[in-house]
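Grab a pencil and work through these exercises one at a time. Try each task yourself before you read the solution under it.

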Amino acid sequence: MKGNVYLLLRQGGWEARATIAPEVDEAYWFGRTAAKQEEDCPSRQGRREESCGGDAVEAWLYKEELPWGQACLAADLWNSQQRGAAGRAGPGRQHPFQRLARLVAELQELDGRRQSPGIAREARQQLACRWGERSRGAAVSEETAGLAQLAAGLLQGRALLGCEARDLLVGAAGPGAGSSWSGALQLLSLLGQARLAGAVAAGDGGRRAAGELRCRRCGSGGVCLRRTRCYACGRMCAYCEACLMMGRSRECELFVTGVYTPSDAVGKLFCDQARMGRSHNISTGKAWGLSPAQEAAAAQALHFIELKLQQRSVMDASGVVSTNGEQPQPCPDRDFSHDQQQTVPVRHLGQDQLLKTSTRSSLKQHLQPHSLISRFTQKLFSSLLPNREEWAHYFLLWAVTGAGKTEMIFPLVETVLARGGRVLIASPRRDVVIELDPRLRKAFPEASVVTLYGGSEQRWERGSITLSTTHQLFRFHQAFDLVVIDELDAFPYHGDPMLHYAAGKCGLPGGPTVLLSATPPREMQAAAKSGRLAHARVPVRFHRHPLPVPRLVASPPVAVMLAGRKAPPVLLKALRESIQRGAQCFVFVQRISQTEGMAALLAKALPCRHVAATSSQDPERAEKVKRFRACDIRVLVTTTILERGVTIPRSDVYILDADGRLFDEASLVQMAGRAGRSADDPFGRVAFFAKERNESQLRAVRHIAGMNKAARRQGYLR
Amino acid sequence: MNSGWIQLASRLARGLLHKSMELLAPAPAECLVCSKPKRAGRNRDGLLPYGYPELPLLAASLCSSCLKAIPWMRRIVCPVCGRGVHCDDCSRRSERAFMINRSAVAYNPAMREWLALYKYRGQERLAPMLGEMLLPACWLLMRQMGGKGWDFVTYVPISEERAMERGFNQAEEIAGHIAGKLGLKVVRTLKRTRHAGKMSFKTRRERISEAKTLFKMDEQSSRYIRQMAMERGREIRILLVDDIYTTGSTAEACAYAIQEGSGGAAAIYVATWARS
């Protein structure tokens, strides 16, 4: 994709702008239809008046089309030079356009495209096109304006590549939009309803020219970017390999982010409620049929969300959040800390923690000098001690397996929906998303639910509840009032910075994010325990029986069992007992290659014939899980692929090679969590079979026993 | 302002340094195609075709299961198009503008996936590896030519529209890697006269009749070939590279255009990555 750069003189002085449709800009600033355009977009009254039409004096278009990324970069560099020059003696005698032409020539020289950066003055003159008096006749066509209006609605909160935006508009407005889509997008960007940048760009999407190149969509940089020769822009153009599967993001590709303006009601009503001191959480809890533990946790989360939405609306009102989609300045936490301590019954910064924080800040100050080594250590320290602000907008709902996490988020969703807000519920796992869909539709029959996963039909729809896999979040930008992330420690979300980036940018700045997990990563547990991360723990299952505590059983490794074609008697005895009591048995092994062999071994030794094996490589996985659920299969040998999301009413869990490298504490706790999930059979059996007792097993047992203890202490157990 | 430029230049220099380091870096730890971790030091004998062991890049970029999945064209039945089974197309056609075609692999679903990953998804990282896969086919061609080499390499062009959309020409990239390995230069000889719809939606007859006028050689390359033929006093041997050979009509049309343009002073050999 290519674009142009132009210089615009307004009352504030000169500025450079990049455009994908110069004729739209000309008409917008100088044409006679400028006033009419304004009426088309009734929102944003205040901003438009200062920015539109009226005060534009003259403009110079650089006629040569540049690669889009380069056009953005040129405009940003010019603007930052201009700002820098304003502070000094004066911008110099050169005409602004000459400086632009030289800048572009220098950029092209860096690309190796042009041999001599100093092109003759005459040549430069030929590249210039002046807009002004003569542009009065220019006009934006009705078609473009209409399409822009349509696009404003469709693009709200979206972050799309140019080709995706085009497909979306053509899909919505018919093939006629194929020619005017770029004009429509440019008009939207002039009206401040969308932002156009390079899909791979330095710094803040080209706003700041500093910094290394990054993919705007997935946040990857460095080795994930690859430069190749590009026919579309004619230069060595970088593309992002990390998010290639969602369409190719590259330097000359357009990246469109549509502005989502939340309804004023979202924050205001909360303010009023907080002022009246009305607490609605109890009634809400009852309405959803929550257990006391669920209700208490949901109430805490509700308070947190309330507070964050209220803070955001204050920020909005004071104009801290800029409307053109830039990151807001972090809101000074101090302003609200008083308020927070009164209303939120979550744990707070203890004395020792304060001490640590102040040590850190003094450490940071100490390391200010800009030597390479000190900067490195600074980075190291800041990664070791995540600062408090990092977690300021997060709430961790730490609920044991089978606690009924989904029910707990219903009141949160309801409260945001009731105020016209938009909610996102994201999970790394596609099966979870598909399973949640009917439950949400049933719980909120009035709301429009959009479910997104690879290959989903509703790809371009926008609803008040969006249910999505974390991968689909790349296509959103500051689009939701409330973000809920389920199973945050599950593969592939855990440990993937790309997905974290996506999840971080899809909520409105300063808006609340609720994290759900039974086994939060250790650093998050530490943050919660020390009070930096607001959280609520639900130590009991919805049926109010304790979690089954795993038994540690000594047994030979699976490899030995398979080699000797003999399963140890302890395992067979345990399985026989389970079958006799009518339970379904999960048998977990480490390797995919071991599943079939183990299933054959067990089938031979057990009284029942219904033994099967499945893994991620098994095309019939869904079918086998279904048969397992229907008791058609009694013993299912599997890998960690079934560690979450599968609920079998009466089930026992046997984990072989529990001392294996692939089974960590979280994984063991999750697998153990498959047992005893229903109220009819709350005491399922769990056993870890291993040659050795290692740290992971002991930690998992401690984790489960600790939760049971907490539940007993709080009186949640039946 | 100058300091800003110095910064920008130094950033660029650092970037270049980075790139050069990348070239020096050891083989990637994961398979280029399936992204699974690759185990080093595995014995990969017998996985490569034609008894040529020297495809270091291929062995270094793929895991052994992907390496095993490559359906090399080992058996050649049709002497013209290099197909592994009897070939109606070639026996039907009496006159041909190109000499012979040899393909590296059979176009099975796995190869279709690989090509799609590169061509449609735009995973350009695969280009050197795909280029290297074509090397055995080129060696085979050379053997059948009696050990004579080519004068230069050329490729099947794509339309302007497709180039804008895709950003690269897969045949050109593969040709570039082949030429690098063979120590030849790549010459851009052809251009596409119009944007033909997707070939895969057309019947055989349509393809053949339409393809005839699809390509054109420009004046400059026409002169270049004629002059070269005059200087060397023999016909010019050209290696034409494309990603896939289906009916051979694209290869035929390109060869035809080159013959037209050069006044029959060229002998065209075709190397394609896959034979469907």
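Two residues are in contact, or touch, when heavy atoms of theirs lie within 4.5 Å. Keep in mind that the model is predicted.

**Exercise 1: one proline and its surroundings**

Find the element that holds A:Pro67, decide whether A:Pro67 is buried or exposed, and list what A:Pro67 touches.

Solution.
- Step 1. Look up the element: A:Pro67 lies in strand S3 of chain A, which covers residues 58-67.
- Step 2. Check the accessibility. Buried means under 20% relative accessible area. A:Pro67 has 2%, so this residue is buried.
- Step 3. Leave out residues up to four places away in sequence, and A:Pro67 touches A:Met1, A:Lys2, A:Cys233 and A:Arg235.
- Step 4. Now try a C-alpha distance: A:Pro67 and A:Cys252 are 185 residues apart along the chain, yet their C-alpha atoms are separated by 5.6 Å.

**Exercise 2: the whole chain**

Work out what share of the contacts in chain A with a separation of 6 or more comes from residues 24 or more positions apart.

Solution.
- Step 1. Start with the inventory: chain A has 25 helices and 24 strands.
- Step 2. Of its 718 residues, 57% are buried.
- Step 3. Among contacts with a separation of 6 or more, 75% link residues 24 or more positions apart.
- Step 4. For the outside, chain A exposes about 31200 Å², and 52% of that comes from carbon and sulfur atoms.

**Exercise 3: does the helix length add up?**

Compare the expected span of helix H5 of chain A with the distance between its end C-alpha atoms, then say how enclosed H5(A) is.

Solution.
- Step 1. H5(A) runs over residues 96-110, which is 15 residues.
- Step 2. The rule is 1.5 Å times one less than the number of residues. For H5(A) that gives 21 Å, and the end C-alpha atoms are 21 Å apart, so the two agree.
- Step 3. Twelve of the 15 residues are buried, so H5(A) is largely enclosed by the rest of the structure. Among them are A:Phe97, A:Leu100, A:Val104 and A:Leu107.
- Step 4. Look just past the helix: A:Gly112 follows H5(A) and has a positive phi, near 80 degrees.

**Exercise 4: the three-strand sheet**

Give the strand order of the open sheet built from S5, S6 and S11 of chain A, and name the helices lying across these strands.

Solution.
- Step 1. The order is S5-S11-S6, with antiparallel pairing.
- Step 2. The edges are S5 (159-161) and S6 (194-198) of chain A, since each pairs on one side only. On average, neighbouring strands here are turned by 25 degrees against each other, ignoring direction.
- Step 3. Zoom in on one pair: S6(A) and S11(A) (residues 254-258) share five bridges. There, A:Ala194 stands opposite A:Gly258.
- Step 4. Add the helices. H8 (residues 162-173) of chain A lies across S5 and S11, at about 100 degrees to S5(A). H9 (residues 177-190) of chain A lies across S6 and S11, at about 115 degrees to S6(A).

**Exercise 5: the seven-strand sheet**

Find the edge strands of the open sheet of seven strands in chain A, and follow helix H17 across part of it.

Solution.
- Step 1. Write down the order: S14-S15-S13-S16-S17-S12-S18, with parallel pairing.
- Step 2. The edge strands are S14 (449-452) and S18 (534-538) of chain A. From one strand to the next, the twist averages 15 degrees.
- Step 3. At one end, S12 (residues 394-399) of chain A pairs with S18(A) over five bridges, and A:Trp398 stands opposite A:Arg537.
- Step 4. H17 (residues 430-443) of chain A lies across S13, S14 and S15, running at about 160 degrees to S15(A).

**Exercise 6: the nonpolar cores**

Name the residues with the most contacts inside the largest nonpolar core, then look at what A:Phe444 touches.

Solution.
- Step 1. This core has 103 residues, and A:Ile425, A:Phe444, A:Ile465, A:Val514 and A:Ile655 have the most contacts inside it.
- Step 2. Skipping residues up to four places away in sequence, A:Phe444 touches A:Trp288, A:Phe410, A:Val413, A:Glu414, A:Leu417 and A:Ile465.
- Step 3. Another core, of 60 residues, lies apart from the largest one; its members include A:Ile20, A:Trp68, A:Ala74 and A:Leu103.

Methods: Residues numbered from 1 in each chain as written. Chains lettered and ligands numbered in written order. Predicted model: local features only at pLDDT ≥ 70, side-chain atom pairs only at ≥ 80, totals over all residues. Heavy atoms only, no water. Helix = DSSP H or I, 4+ residues; strand = E, 2+ residues; numbered from the N terminus. Buried < 20%, exposed > 50% of the residue type's maximum accessible area, 1.4 Å probe, protein only. Areas by Shrake-Rupley, 256 points an atom, 1.4 Å probe, with all protein chains shown as cover. Pairing = 2+ DSSP bridges. Axes fitted to C-alpha atoms, helices over the stretch in contact; angles between N-to-C directions. Core = buried A, V, L, I, M, F, W, Y, C linked by side-chain atoms within 4.5 Å.
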